[in-house]
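Here are my notes on the model you asked about. Please read them with the structure open.

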Amino acid sequence: MYVYLNGKVMPKNQVTLSIDDRGFTFGEGIYEVVRVYGGKKFLLHEHMERLRRSAVEMDITLPEYFSSSHVEEAIDSLIEKNGLEESYLYLQVTRGVQFRSHVYPENMEPTIVMYLIGAKDWSLERQGVPAAIEQDIRWQRSDVKSTMLMPGTLLKSRAAREGCFEVILERDGIITEGTSNNVFCVKDNVLITPPLSNFILPGITREFVLRLAKQLGISVDERPIHVSELSEMQEVFITATGSEIIPLSRIGEYKFDAPGKLTAKIISAFDDAIKDLRET
Ligand code: PDD
C-alpha cells in the first residue's frame, strides 16, 4: 500500500512517525475525508476550503508546498499506485513534532498524512438504520473538523453494542448532528436541518443535499430542531462523505418511514449527480 507523508508518496512500510508528534501527545490534528468515485475526486475544492479554515481556526500553518495542485497530483498518484478508483481519501494534518509541552512555538512544520481506504457498499443501510440519542458531550468548536473524536467514538461504540448505527446528539434539548454526520428531518414535505453554528460541522454533503433539494423544488427550513419535535417528523436521514445519505428508521423511541418518499427522491438525485460525475 502506498501512502502520502509530508510531500511524498511512499510505501506504507517505509513511514515512520515521531512519538513527539503533537497529534499523538495532545490529539492536535485536523482532517478531511474525500470520496473518490471512478477515480474522480468528489467536491475536493470544498473539502480543501474547509481544511484551510480548520487550519486557521486551530492556529496551524499549512506549508507552502501544500497547494491545491500538489494535493490533487498526490491524490491521483495514490489512486493510481494503489489501484483504488472507488475509495475514501483520508487526509490528516497535525501541528507537528515537538517534545511534550502545552505551549507550542510559532512556525511549526505540520505533519501531513494521506491514504486511501476502499469504498464500502451502503445498499443495506439505505433501507433504514436505527440510531440512539445522547447528550452532545463534545467541545464548543464542533464546526472544526478536528481529530479529537473521543466523545464520538465512546458514544458511537456504546450505541453499536446495542445495535444502533449512529448516535444523534442533542445540546439542551436541541439536536446538533450525528457523531459523524449531519441530520435532516422531513415534516409535511418540508426538509428541515439545524442551522450552521459552532456546535455542528458544516458538512460538504449537507451543503450538496441542500443544493439538490433547491433544484428539486423542495422547501427547505434551516432551523433548530427540538428533541420533542421528533414525534412530529415523518422522515429523518443523515449525510456524510463516506455513507452519503442514510435514512433512519428510528432515533431512540421515535420511529420514521425509512426510506421515506422525500428521502428516496433526494437519494435518487444524489445518485444521478454521481453518475454524471463518473461520465464526465
Ligand atoms: N465525517 N458531522 C460530523 C461530526 C462529521 O464527522 C462528519 C463527517 C459530518 C459530515 O460531513 P461531510 O458531509 O463533509 O463528510 C458531519 C467524516 C466523513 C468522517 O469522520 O469519516
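The points below cover the ligand site and then two backbone details.

1. This is a predicted model, in which local features need pLDDT of at least 70 and side-chain atom pairs count only at pLDDT 80 or more, while totals for chains, interfaces and linings use all residues. Residues are numbered from 1 along each chain as its sequence is written, and side-chain values use heavy atoms, without hydrogens and water.

2. The ligand is surrounded by 18 residues, and the closest are Tyr31, Glu177, Ile204, Thr205 and Thr241. A residue counts as near if one of its heavy atoms lies within 4 Å of the molecule. This shell holds five nonpolar, nine polar and four charged residues; Tyr and Ala, for example, count as nonpolar, Asp, Glu, Lys and Arg as charged, and Gly as polar.

3. Which domains supply the shell around the ligand? Domain 1 (2–118) and domain 2 (125–279) each give at least three residues, with bounds from an automatic or database domain assignment.

4. Three side chains make polar contacts (pairs of N or O atoms within 3.5 Å) with the ligand. Thr241 has a side-chain N or O atom 2.6 Å from a ligand oxygen, a polar side-chain atom of Arg50 is 2.8 Å from a ligand oxygen, and Lys145 has a side-chain N or O atom 3.2 Å from a ligand nitrogen.

5. Two backbone details remain. The peptide bond from Ala258 to Pro259 is cis, with omega near -10 degrees. Asp59, a residue other than glycine, has a positive phi, near 60 degrees.

Note on methods:
Polar contact = N/O pair within 3.5 Å; in protein donor to acceptor, adjacent residues only side chain to side chain.
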